[in-house]
Amino acid sequence: SWAEAREDATGKTFGAELDRIGWRGDEPVGARKMHAFFELHIEQGPILEAEGKDIGVVTHGQGLSWTQVTITGKEAHTGSTPMPMRRNAGLGMARVLEAVETIARAHGPHAVGAAGHIDVYPNSRNVIPGKVVFTVDFRSPDLAVIQDMETQMKEQARKICEDMQLEVSFEKVGGFDPVTFDPGCVAAVRAAAERLGYSHRNIISGAGHDACWINQVAPTAMIMCPCVDGLSHNEAEEITKEWAAAGADVLMHAVIETAEVIT
């Protein structure tokens, strides 16, 4: 299949790695039907902690678009190449990323944009970069906003690179559309929080989760608990026992309530 043939940076394929670790199953994808799906997760952001809320009732998930951008110029010595004669791919990237920031802010308050993956070649102290490869990550709960940000980024990047005598290309390397979670499951989460006496607020998930995909095939919702300073994907990530207990408590009640309704 397409998924099994995907290769990572070292040439390993997804299918071969499933075989290697014994995780390739024999059940057709989608054969096992689910009544409903609930996912408990840290917020990965600072809102719940800042507002002193115990529970985030996740109503939507942001969509995202990952566009890999390659800018090509010419490698040259940083000391002996006159400024007007440089074709600096790194400078071109800097200007594109400044445009990404401006575009995302203009589509606020919920839109975001940045580049976390950046490779610079040859990545030497005294060589002007001849090529850069970076991935622009745009996110919003509104698909039209994502598409508009993508379009604007490409138009501005082409103009920036043309003016600097650089070449630019784009490749869509990932993404998914915004998600609206199941109203019944969301209501079960909210009702559980209220019944248990936990403070709560509606929240939009800024990150991708299993729930965003399973929402396509089964009624789905998410529960979020705070995390210290909103820190995530980091060894210093931390939550309190009280936050964890509240989230697990709401999860259990929402699952039981939903299972009883369905059965």
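In which helix is the place of D148? In this predicted model, D148 has its place in helix α4, and the surroundings of that helix are described below after an account of the chain as a whole.

The protein has a mean pLDDT of 93, with 99% of its residues reaching 70 or more. Confidence is not uniform along the chain, being highest in α3, at a mean of 98, and lowest in helix α6, which spans residues 210-214 and has a mean of 86. The secondary structure consists of seven helices and 11 strands, and the C-alpha atoms fill a box of roughly 75 × 45 × 35 Å when the principal axes are taken as the frame. Of the 263 residues of the protein, 36% count as buried. When contacts between residues at least 6 apart in sequence are considered, 79% of them are found to join residues at least 24 apart.

The packing of α3 (residues 89-106) against α4 (residues 143-163) was examined in detail, and the two helices were found to meet at an angle of about 150°, with a separation of 10 Å between their axes. Because angles over 145 degrees count as roughly antiparallel, α3 and α4 are assigned to that class, and they are therefore described as roughly antiparallel to each other. The crossing by which α3 passes α4 is right-handed. On the α3 side the contact is formed by G92, R95, V96, A99, V100, I103 and A104, and these residues meet M149, Q152, M153, Q156, A157 and I160 of α4. Sorted by class, the residues of this contact comprise nine nonpolar, three polar and one charged.

D148, which also belongs to α4, has a relative accessible area of 32%. This value lies between the limits of 20% for buried and 50% for exposed residues, so D148 is classed as partly exposed. Although D148 and H107 are 41 residues apart along the chain, their C-alpha atoms are separated by 9.1 Å in the model.

Two cis peptide bonds are described here, each of them preceding a proline. One joins G108 and P109, with an omega of about 10°, and P109 has its place in the loop between α3 and β5, the latter covering residues 112-121. Another runs from Y121 to P122, where omega is near 0°, and P122 is found in the loop that lies between β5 and β6, a strand of residues 127-128.

Positive phi values in residues other than glycine were noted at Q165 and at H233. For Q165, phi is near 60°, and the residue is placed in the loop between α4 and β8, which covers residues 167-176. The relative accessibility of Q165 is 58%, and because a value over 50% marks a residue as exposed, Q165 counts as exposed. For H233, phi is near 55°, and this residue lies in the loop between β11 (residues 220-225) and α7 (residues 241-262). At a relative accessibility of 73%, H233 likewise counts as exposed.

How values were computed. Residues are numbered from 1 along each chain as its sequence is written. This is a predicted model: local features need pLDDT of at least 70, side-chain atom pairs count only at pLDDT 80 or more; totals for chains, interfaces and linings use all residues. Side-chain values use heavy atoms; hydrogens and water are left out. Axes are lines fitted to C-alpha atoms, for helices over the stretch in contact, and angles run from 0 to 180 degrees between N-to-C directions. Helices (H or I, at least four residues) and strands (E, at least two) are DSSP runs, numbered from the N terminus. Angles under 35 degrees count as roughly parallel, over 145 as roughly antiparallel, 65 to 115 as roughly perpendicular and the rest as oblique. A crossing is left-handed if the near helix is turned anticlockwise from the far one by less than a right angle, and right-handed if clockwise. Contact means heavy atoms within 4.5 Å. Ala, Val, Leu, Ile, Met, Phe, Trp, Tyr, Cys and Pro count as nonpolar, Asp, Glu, Lys and Arg as charged, and the others, Gly among them, as polar. Buried means under 20% relative accessible area, exposed over 50%, partly exposed in between (1.4 Å probe, protein chains only). pLDDT is the predictor's confidence in each residue, from 0 to 100.
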